[in-house]
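Ready for a short workout in reading a fold? Take a look at the model below, then try the exercises before you read each solution.

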Amino acid sequence: MNHPISMKMLNPNIDIDTFFSNLRKGTEKILVLDYDGTIAPFKVERDKAFPDKKIVDLLKKIVKSRDCTVAIVSGRKAKEIARLLPDLNNRIEIWGSHGWEHIELDGSYSNSRPAPEVLKAIEDAAKKVNGYSLKGRIERKDASIAIHTRGLEKKEQKEIKDKVVPEWKDIASAEGMSLVRFNGGYELRDKSINKGSVIREIIEKSGKNGIICYIGDDSTDEDAFAELKDRGLSILISYEDPISSNADVKFDSMDELIDFLKRWSRACGGER
Ligand SMILES: [Mg+2]
């Protein structure tokens with residue numbers, strides 16, 4: 001067996017060895033990765049959450065192959081992802097703000113603009129947290145606003161949960177937006193563009209024979225897993241058990257991810 005014993009198959013129809021034997025034959029191999037909690041560890045200082053060097057080295061190797069594409073899809077701003085992955089700039093595609101922003105391989109940037117009501121809702125949500133000392137914990141993006149609670153004292157966490165979250169929930173329901181809990185905080189979002197719609201676009205752009213794999217760790221990645229059902233391989237990184245997920249496979253260690261990326265790089269064709 002090539003794969004580590006703890007890899008959990010959530011979808012009984014998937015066989016990982018068959019997947020890799022098809023991947024080797026594939027002429028268009030597309031690896032799509034979430035950033036935080038997937039290739040990079042969670043950190044209170046979010047601007048210092050760099051991936052393990054082993055992962056960066058493997059991705060560098062993969063993007064050199066003529067038949068491979070790597071894309072990062074993150075809730076972070078696209079430019080932030082570019083800054084955190086300096087060795088991969090102009091070698092990977094980046095989708096930021098859950099898909100509202102896009103940096104293509106040639107570095108060109110584009111974004112979608114949310115409706116004025118959404119911008120107003122984000123403004124209102126920002127005002128609700130004005131009275132709290134949350135320096136560096138409020139993150140404003142194109143179509144969302146997030147509050148990061150990792151590392152906060154229990155008392156402050158409770159205050160946010162009891163006061164801010166209900167207020168943001170009210171704004172969300174009034175504007176047809178969503179209040180989403182993610183690993184490390186809450187986010188008020190316009191979900192009309194999400195990681196699932198990004199996957200749809202990637203599938204549409206890819207050839208009929210494109211082989212796609214998506215790896216993510218959080219609730220926001222479930223949209224991508226669902227979109228990829230029966231069309232690609234989806235992998236959830238989670239340390240919890242049991243789990244309910246749309247993903248095909250579950251990894252519960254960084255070693256499993258590294259092992260998977262090694263196999264992916266071995267399945268790639270020669271250099272561009
Ligand atoms: Mg994540």
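Three exercises with worked solutions follow; bear in mind that this is a predicted model.

**Exercise 1.** Work out how the overall dimensions of the protein compare with those of a compact globule.

*Solution.* Start with the chain length: for 272 residues, a compact globule would have a radius of gyration near 19 Å. Next, take the value for this protein, which is 19 Å and therefore agrees with the rule. Then add the extents: the C-alpha trace spans about 55 × 40 × 30 Å along its principal axes. Finally, look inside: 39% of the 272 residues count as buried.

**Exercise 2.** Find the order of the strands in the open sheet of 4 strands, and name its edges.

*Solution.* The protein has 13 strands, along with 8 helices, to choose from. Follow the pairing and you get the order β7-β8-β10-β9, with antiparallel pairing. Strands β7 (138–140) and β9 (178–182) each pair on one side only, and these are the edges. On average, neighbouring strands of this sheet are turned by 20° against each other, ignoring direction.

**Exercise 3.** Describe how β8 and β10 are joined, and identify the helix that packs on the sheet.

*Solution.* First, take the two strands: β8 (residues 144–148) and β10 (residues 185–189) run antiparallel and are joined by 5 bridges. To get the register, note that Ile147 stands opposite Tyr186 in β10. Now turn to the helix: α4 (residues 116–128) packs on the sheet and touches β7, β8 and β10. The direction of α4 makes about 25° with that of β8.

Conventions:
Residues numbered from 1 in each chain as written. Predicted model: local features only at pLDDT ≥ 70, side-chain atom pairs only at ≥ 80, totals over all residues. Rg over C-alpha atoms; globule rule 2.2 N^0.38 Å. Buried ≥ 20, exposed ≤ 12 C-beta atoms within 10 Å, placed from the backbone. Pairing = 2+ DSSP bridges. Axes fitted to C-alpha atoms, helices over the stretch in contact; angles between N-to-C directions. Contact = placed C-beta atoms within 7 Å.
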